[in-house]
Amino acid sequence: MSETAVKPPEIVPAQGSLPKRPSRWLRMVAWIALLVVLLALPLYLDAAWLKAGQYMMIGAVGAIGLTLLVGQAGQLSLAHAFFLLAGATSYTVLAGPTGDARVTGLGLTPELALIGAVVISAALGLAFAPVAGRLRGIYLGVASLSLVFLGLYLGQSAEKLTGGTSTGRAPAQFSLFGFPFGNGGPQVEILGVPLRQAERGWYLFLALTIIAFVVATGAVKGRVGRSWRAVRDNEAAASVMGVSVTRAKAGAFAVSSAYAGLAGAMTVLWFDILKPDESEYGTYGINTSIAFLAMVIIGGLGSVPGAVVGALIVNGLPQILSLYSADLGWFTGTGGGALSPILISSFVYGAAIILVVLFEPGGLAAIGRRITARTTTKEEQER
C-alpha cells in the first residue's frame with residue numbers, strides 16, 4: 001500500500017443549496033440606499049414636491065392597513081374612508097384647545113392625540129368586528145360601505161367635533177417633545193438648507209410611514225400573519241389547527257382601522273383643516289375607499305411593499321400631473337375644464353386595475369417577485 005496520502009474528493013454543494021446571503025445583503029443595501037435618498041430629498045426638492053410626497057405617504061399608510069385586511073385576512077372592506085375620518089376627527093378633538101366655545105377640544109399634547117386617534121380608530125374597527133365575523137365577500141363589502149354614509153352623517157351633524165361643512169376646524173400643529181413641525185420654533189438647518197414646514201412635515205410623515213411599514217412586515221411574517229392567512233384560505237381548517245377565527249378576523253379589522261386612523265390624522269395635518277364632506281364623494285367619501293382598494297389591487301393583495309407602490313401610483317399621479325400641468329399649460333386652455341388631473345388619474349389607475357385582473361392577478365408585487373427570482377437564479381448559475 002502506497003504511503004502517499006489520498007486527497008479526499010472535493011465536495012461541491014448542489015446548485016439548490018448555494019447560500020443566498022449575497023442577495024440578502026443586496027436587498028439590505030438597496031433598502032439603506034432608498035432610505036438615504038428619502039432623507040436627502042427635502043434638501044433638493046421644492047415645497048410643492050414635498051407636499052406631493054407627503055400625500056403619497058398618507059396613501060401608503062392607509063393602503064398598508066387595507067392590504068393586511070383584504071389580502072392577508074381575506075376580508076373585503078369599503079369602509080376605509082370612515083376610519084380615515086375617525087382618525088382625523090379624533091386627533092383634532094384630542095389636541096384641540098379647551099377654551100373654544102364653538103368646538104370641543106381636550107387639550108392633549110399632539111403626540112398623545114396622535115396615539116389616541118389610532119387607538120380610537122382601532123376600537124371602532126373592533127366594534128364592527130362582530131358584523132365582519134358573520135359576513136364574507138361582497139356582503140361584507142356592502143355592509144362596510146354603510147359606515148361611509150354613517151361618517152358622512154356624523155361629520156355633518158356633529159359640528160361640535162368637526163366644525164361643520166361650512167367652516168370646519170383647524171387641527172393643532174403637531175409637535176414632538178416640544179419640537180414643532182410647522183413654521184414656528186427654533187431655526188434648524190441641514191447642509192445650509194433651512195427646515196421649514198414642508199421639510200419638517202416630510203420627515204414626520206416619513207417616520208410614520210416607516211413605522212407602519214416595519215410593523216406590518218413583522219405582523220405578516222409572524223404568528224399573526226400566519227393566522228390571518230389560515231383564516232383566509234380555509235376557516236374550518238384554521239379552526240381545527242387551533243386558530244380562533246373570530247379573534248383573527250376581529251384583530252385584522254382592528255389593525256386595518258388603526259392604520260386608516262393614522263392615515264386620517266396625517267390627512268388633517270396635510271390639509272391643515274378638518275372639513276367633513278358635503279356629499280358622499282370627497283376626502284372621506286366613497287371615492288376615497290375605492291382609491292385605497294385600487295392601491296392594494298394594483299400593488300398586489302397582501303403585499304406590504306406592493307401597497308406602497310400602489311399608493312405612489314394612485315395618490316401620486318394626480319399630484320404629479322397637477323404640478324406639471326402648471327408648467328406645461330395643461331388643463332388650462334379652452335375646453336380644458338373637462339379634463340383634470342384627478343379625472344385622468346382615475347382613468348389611468350382604472351385601466352391599471354383591468355390590466356392587473358386580466359394579466360397579473362398578483363399585481364406589481366408578483367412582477368417584482370418574478371424579477372427577483374430570475375435575478376437570484378442567474379447569480380446562482382454564475383457562481
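Here is a short conversation about a predicted model, its helices and its aromatic rings.

Trainee: What should I know before I start?
Mentor: Residues are numbered from 1 along each chain as its sequence is written, and side-chain values use heavy atoms, leaving out hydrogens and water. As this is a predicted model, local features need pLDDT of at least 70 and side-chain atom pairs count only at pLDDT 80 or more, while totals for chains, interfaces and linings use all residues.

Trainee: How many helices does the protein chain have?
Mentor: Helices (H or I, at least four residues) and strands (E, at least two) are DSSP runs, numbered from the N terminus. Beside four strands, the protein chain has 16 helices.

Trainee: Is Trp 270 buried or partly exposed?
Mentor: Buried means under 20% relative accessible area, exposed over 50%, and partly exposed in between (1.4 Å probe, protein chains only). Trp 270 has 14% relative accessibility, so this residue counts as buried.

Trainee: How are the rings of Tyr 55 and Trp 270 arranged?
Mentor: Rings of Phe, Tyr and Trp (its six-membered ring) pair if their centres lie within 6.5 Å; planes under 30 degrees apart are stacked, over 60 edge-to-face, and the rest tilted. Tyr 55 and Trp 270 are 4.8 Å centre to centre with 40° between the planes, and the pair is tilted.

Trainee: Why does that pair tie together parts far along the sequence, and how many residues apart are they?
Mentor: Tyr 55 lies in helix α2 (residues 47–72), and Trp 270 in helix α11. The pair therefore joins parts whose separation in sequence is 215 residues.
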